[in-house]
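Subject: Model for you to look over

Hello,

Here is the model I promised. Please open it first, then read my notes below.

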Amino acid sequence: MKEREYLARLSIKHEGNWHAIKKGIEQEENVDNISIEEHYITLLDPGYPIQLKELRNPPWVLFYQGDVSLLSTPMATIVGSRKITAYGRDVTRLATDILSRKFTIVSGLAKGVDACAHQAAMQRGHTIGVVGCGLATQYPLENSDLYLHMSARHLIISEYPRLTPIRKYHFPWRNRILAALGQCIVVTQASTKSGTLLTVNEALDLDRDIYCFPYSFFDNEGFGCNRLIAEGAIIIYDKEQLEAINPLRFKEQRLL
C-alpha cells in the first residue's frame with residue numbers, strides 16, 4: 001500500500017482526528033479493511049499547499065470536491081461574523097471584488113461574511129471553502145446552493161472524511177487552515193467574542209498580514225475589528241490599499 005493511501009485510510013478510520021492519525025502512524029495500525037471513495041490530497045503529495053506545512057499540526061489529508069489546482073494559486077483569506085450587518089456586507093463585497101482579481105478567495109463556508117465572500121468571489125474569479133465537517137454534510141443548510149456551485153466550479157476542502165458529522169470543536173481547529181492558506185487575512189466584521197479572532201491568532205503565529213475594516217465606536221458588531229487595529233492590524237481606509245496587495249510581494253518576502 002502506498003504511503004499516501006495509508007494516510008487517507010487512517011484519516012477515514014479516525015474521522016480526521018489529527019492526534020489519532022498520528023498515533024496510528026506511530027503504531028502502524030492496520031487499515032486494509034478501510035475503503036476510500038472520495039478525492040483527496042495528502043501531506044506527502046507534490047500538490048499539497050506548502051503554506052500548510054508551516055502549521056504546527058498540518059492536516060495529514062485534505063478531502064476535496066472541485067478544482068484542486070486552485071490550491072496552487074495565490075490565495076487571500078476573508079473572514080468575519082456569521083451575523084453580517086449591511087456595512088459588513090458592503091465591505092466584504094468590496095474587499096472580495098478587488099482581491100479576487102489577483103487571488104483565489106478563501107473562506108469558511110459559514111453563513112454571514114463567509115457566504116458573502118464566496119458569492120462575490122464567484123462573480124469575478126475563484127474561491128475555496130474550508131469546512132469543519134465531512135463533505136457529505138452541507139452546513140449550514142442555507143448555503144446548500146453555494147455548496148453545489150463551489151463543488152462544481154471552484155473548490156471545497158476538509159480534513160474530515162466525507163461522512164464525518166458536525167462537531168463543535170472541529171470549527172476552531174479548521175480555522176488554522178483558513179489562516180495558513182491565505183497570503184494575507186482580511187477581517188471585514190468581528191464582534192467582541194467572534195470566532196474570527198481564533199483565525200487571526202493562528203495567522204499571527206504564521207506571520208501573515210492582517211487587514212481590518214474600521215467600525216463606529218458605538219457598533220458592537222465591529223468591536224473585534226477595532227481591537228485588532230489597536231493591536232497592530234492594518235486598517236483599511238481606502239480602496240487603493242486593497243488594490244496594492246500583490247501576490248508577488250508575499251512571494252518576495254518568503255524568499256528573504
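The expected span of a helix is 1.5 Å times one less than its number of residues. Keep that rule at hand for two of the helices. One caution before the details: this is a predicted model.

**Helix α4**

Start with α4, residues 113-124. Its twelve residues should span 16 Å by that rule, and its end C-alpha atoms lie 17 Å apart, which agrees.

Which residues of α4 are buried? They are V113, D114, A115, C116, A117, H118, A120 and A121. What covers them includes four strands: β3 (75-80), β4 (104-107), β5 (127-130) and β7 (184-189). The helices α3 (86-99) and α5 are also part of that cover.

**α4 against α5**

Two packed helices are described by the angle between their axes and the distance between the axes. Helix α5 runs over residues 144-153. The axes of α4 and α5 come within 11 Å and cross at roughly 45°. The two helices are therefore oblique to each other. The crossing is left-handed.

Which residues make the contact? From α4 come A115, H118, Q119 and M122. From α5 come L146, H149 and M150. By class, the contact has four nonpolar residues, three polar and no charged. Note that A115 and H118 appear among the buried residues of α4 as well.

**Helix α6**

Next is α6, residues 170-181. It has twelve residues, so 16 Å is the expected span; the end C-alpha atoms are 17 Å apart, in agreement.

Is α6 mostly covered or mostly open? Mostly covered: ten of its twelve residues are buried. These are H170, F171, R174, N175, R176, I177, L178, A179, A180 and L181.

**α6 against α7**

Helix α7 covers residues 196-205. Its axis and that of α6 come within 8 Å and cross at roughly 50°. That makes α6 oblique to α7. This crossing is right-handed.

On the α6 side, the contact uses P172, N175, R176, L178 and A179. On the α7 side, it uses L198, T199, E202 and A203. The classes here are five nonpolar, two polar and two charged. N175, R176, L178 and A179 are also listed among the buried residues of α6.

**The loop between α1 and α2**

Two residues deserve a look in the loop between α1 (3-13) and α2 (18-26). One is G16. The other is E15.

G16 counts as buried, because its relative accessibility is 2% and the cut-off is under 20%. Leaving aside neighbours within four places in sequence, G16 is in contact with S11, I21, E159, Y160 and P161. G16 and V61 are 45 residues apart in sequence, yet 7.9 Å apart in space, C-alpha to C-alpha.

E15 is partly exposed, at 30% relative accessibility. Its phi is positive, about 50°, although E15 is not a glycine.

**T164**

T164 is in the loop between β6 (155-158) and α6. Its relative accessible area is 1%, so T164 is buried. What does T164 touch, not counting residues up to four places away in sequence? The list is E15, C133, G134, T137 and H170. E15 there is the residue with the positive phi. H170 is one of the buried residues of α6. T164 and G195 are 31 residues apart in sequence and 22 Å apart in space, C-alpha to C-alpha.

**K239**

K239 belongs to helix α9, residues 239-244. At 45% relative accessibility, K239 counts as partly exposed. K239 touches L94 and I98, not counting residues up to four places away in sequence. L94 is 145 residues away from K239 in sequence but 8.2 Å away in space, C-alpha to C-alpha.

**Backbone points to check**

Most residues other than glycine have a negative phi, and most peptide bonds are trans. Besides E15, please look at these two places.

- Y139 and P140 are joined by a cis peptide bond, with omega about 0°. P140 sits in the loop between β5 and α5.
- D207, a residue other than glycine, has a positive phi near 65°. D207 is in the loop between α7 and β8 (209-212). Its relative accessible area is 67%, so D207 is exposed.

Best wishes

Terms used. Residues numbered from 1 in each chain as written. Predicted model: local features only at pLDDT ≥ 70, side-chain atom pairs only at ≥ 80, totals over all residues. Heavy atoms only, no water. Axes fitted to C-alpha atoms, helices over the stretch in contact; angles between N-to-C directions. Parallel < 35°, antiparallel > 145°, perpendicular 65-115°, else oblique. Left-handed = near helix turned anticlockwise from the far one by under 90°. Contact = heavy atoms within 4.5 Å. Nonpolar A, V, L, I, M, F, W, Y, C, P; charged D, E, K, R; others polar. Buried < 20%, exposed > 50% of the residue type's maximum accessible area, 1.4 Å probe, protein only.
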